[in-house]
Structures are given as structure tokens and as C-alpha cells.
Amino acid sequence: MNIFKSSSAADTGRLAGCLARSGARGSIIFLSGPIGSGKTVFVQGLARALGLSDIPSSASFAIARSYRGAGASLYHFDLFRLKADEMRECGYEEALQDADGVIAVEWPAPALEYFPQDRLELDFELLPDGGRRIRARAGGAQSSQLLEKAARLWLKKTK
Ligand SMILES: Nc1ncnc2c1ncn2[C@@H]1O[C@H](COP(=O)(O)OP(=O)(O)OP(=O)(O)O)[C@@H](O)[C@H]1O
Ligand SMILES: [Mg+2]
């Protein structure tokens with residue numbers, strides 16, 4: 001497990017950028033944590049770092065949206081209002097078939113058994129000082145490698 005401290009929205013965006021530049025294509029990132037903890041800010045950072053011009057919005061009530069760019073696609077799910085037996089309707093199977101796509105899932109509880117175990121799970125926590133603590137756990141070989149690389153980039157950035 002890795003722990004990252006983010007002291008601003010820009011910081012959280014930078015962490016997403018580290019992941020995007022560490023071979024995030026084809027990977028799955030679960031984002032948990034309370035309302036307003038920065039999950040969508042993280043996805044916006046991913047989109048920017050992947051060179052996507054359309055940026056996911058925080059105010060969106062969409063359950064699933066995809067963003068296609070020249071070299072990468074981003075699939076953004078917000079499953080806050082979804083029940084596990086409604087999972088088939090959100091289009092996750094199509095996202096899983098895109099080998100170059102990055103999948104980001106906010107409120108992943110209904111999705112736990114539908115996605116491969118080899119995924120990166122990020123847990124956002126609000127800190128009393130206004131910052132965020134982000135705990136990262138990798139569920140398999142691909143996500144471990146992604147996390148290790150990203151953690152090294154993050155250290156370089158914050159030195
Ligand atoms: N360190 C930080 N990282 C991320 N966001 C931060 C940070 N500090 C302050 N913020 C602010 O907190 C808010 C996070 O909003 P965001 O929409 O990303 O939350 P969320 O976790 O997606 O919430 P929801 O569960 O409602 O989808 C933004 O307004 C952002 O500017
Ligand atoms: Mg959100």
C-alpha cells in the first residue's frame with residue numbers, strides 16, 4: 001500500500017498525471033471516499049494528462065461517460081446511484097474490451113465483482129487541515145507495477 005498526501009486540487013491532479021504517465025492504459029482505477037474528497041478532481045487530472053480535450057465535470061449526473069483522444073480513451077463511471085443488479089446497463093463491458101482505455105470508477109461498491117481484481121484502489125480521506133490523504137492499493141501484478149512507477153514519479157515531483 002502507498003499513501004499520498006495531497007494539499008490541493010492541483011496536487012491531486014498531479015498524482016493522476018503521475019499515474020497516467022506510468023502506463024495507466026488498460027488499467028482500472030477505483031476511487032472511494034466521501035463526497036467532495038476529490039475523486040472527480042482526480043479523474044479530471046487523468047483526462048488532462050492523457051491529452052483529452054473534453055474534461056469530466058464534477059457536476060455531472062451521468063453514470064457513465066467516455067472520452068476519446070488520439071492515443072487513449074478514458075471511461076469514467078460514477079456508480080453512486082447504481083445498484084449491483086443494474087451494472088449491466090452502465091456499459092462497463094465495452095470499457096473492459098478497450099485495451100488502451102483507462103477506466104476510472106467513483107463509488108465502486110456495485111462494481112466490485114464485475115471488474116478484474118487486478119485494479120488500483122484509491123481511497124480518499126479528508127484531513128482536518130483541508131488536505132487529502134490518498135491510500136493506494138494494487139490488486140494484482142499490472143496495477144502493482146503501475147503504482148510503483150507512479151509513486152517514484154510522485155516522489156520526484158514533491159522533492
Ligand atoms: N487536495 C485536494 N484534492 C482534491 N480536491 C480538493 C483538494 N482540496 C480541495 N479540493 C476541492 O474539493 C472538491 C472535490 O470535489 P470532487 O467533485 O472531486 O469530489 P468527489 O470526491 O468527486 O465527490 P462526489 O462523491 O460528490 O463525486 C473540489 O471543489 C476541489 O477543488
Ligand atoms: Mg465525483
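Student: Which residues come nearest to ligand 1, and what makes a residue count as near?

Tutor: In this predicted model, 18 residues surround ligand 1, and Thr12, Gly38, Lys39, Thr40 and Val41 come nearest; a residue is near a molecule if its C-beta atom, placed from the backbone, lies within 6 Å of it. The elements giving two or more residues to this shell are α1 and α2 (39–49), where a helix is a DSSP run of H or I with at least four residues and a strand a run of E with at least two, numbered from the N terminus. Residues are numbered from 1 along each chain as its sequence is written, while chains are lettered from A and ligands numbered from 1 in the order in which they are written. Local features need pLDDT of at least 70 and side-chain atom pairs count only at pLDDT 80 or more, whereas totals for chains, interfaces and linings use all residues.

Student: How many residues of the shell around ligand 1 are nonpolar, polar and charged?

Tutor: The shell has 3 nonpolar, 11 polar and 4 charged residues, given that Ala, Val, Leu, Ile, Met, Phe, Trp, Tyr, Cys and Pro count as nonpolar, Asp, Glu, Lys and Arg as charged, and the others, Gly among them, as polar.

Student: What is the order of the strands in the open sheet, and why is one side of β1 and of β3 left without a neighbour?

Tutor: Two strands pair if DSSP finds at least two bridges between them, and the 7 strands form an open sheet of mixed pairing in the order β1-β7-β6-β2-β5-β4-β3. Because β1 (2–6) and β3 (64–68) stand at the edges with a single partner strand each, one side of each has no neighbour in the sheet. β3 pairs with β4 (residues 73–78) in the antiparallel sense over 5 bridges, and Ser66 stands opposite Tyr75 in β4.

Student: Why is the protein chain called as compact as a globular protein of its length?

Tutor: Along the sequence the chain follows the pattern β-α-β-α-β-β-α-β-β-β-α. Its radius of gyration, taken over C-alpha atoms, is 14 Å, close to the 15 Å that the globule rule gives for 159 residues, so the chain is as compact as a globular protein of that length; the rule is 2.2 Å times the number of residues to the power 0.38.

Student: What share of the residues is buried?

Tutor: Buried residues make up 42% of the 159 residues in the protein chain, where buried requires 20 or more other C-beta atoms within 10 Å of a residue's own, all placed from the backbone.

How values were computed:
Buried ≥ 20, exposed ≤ 12 C-beta atoms within 10 Å, placed from the backbone.
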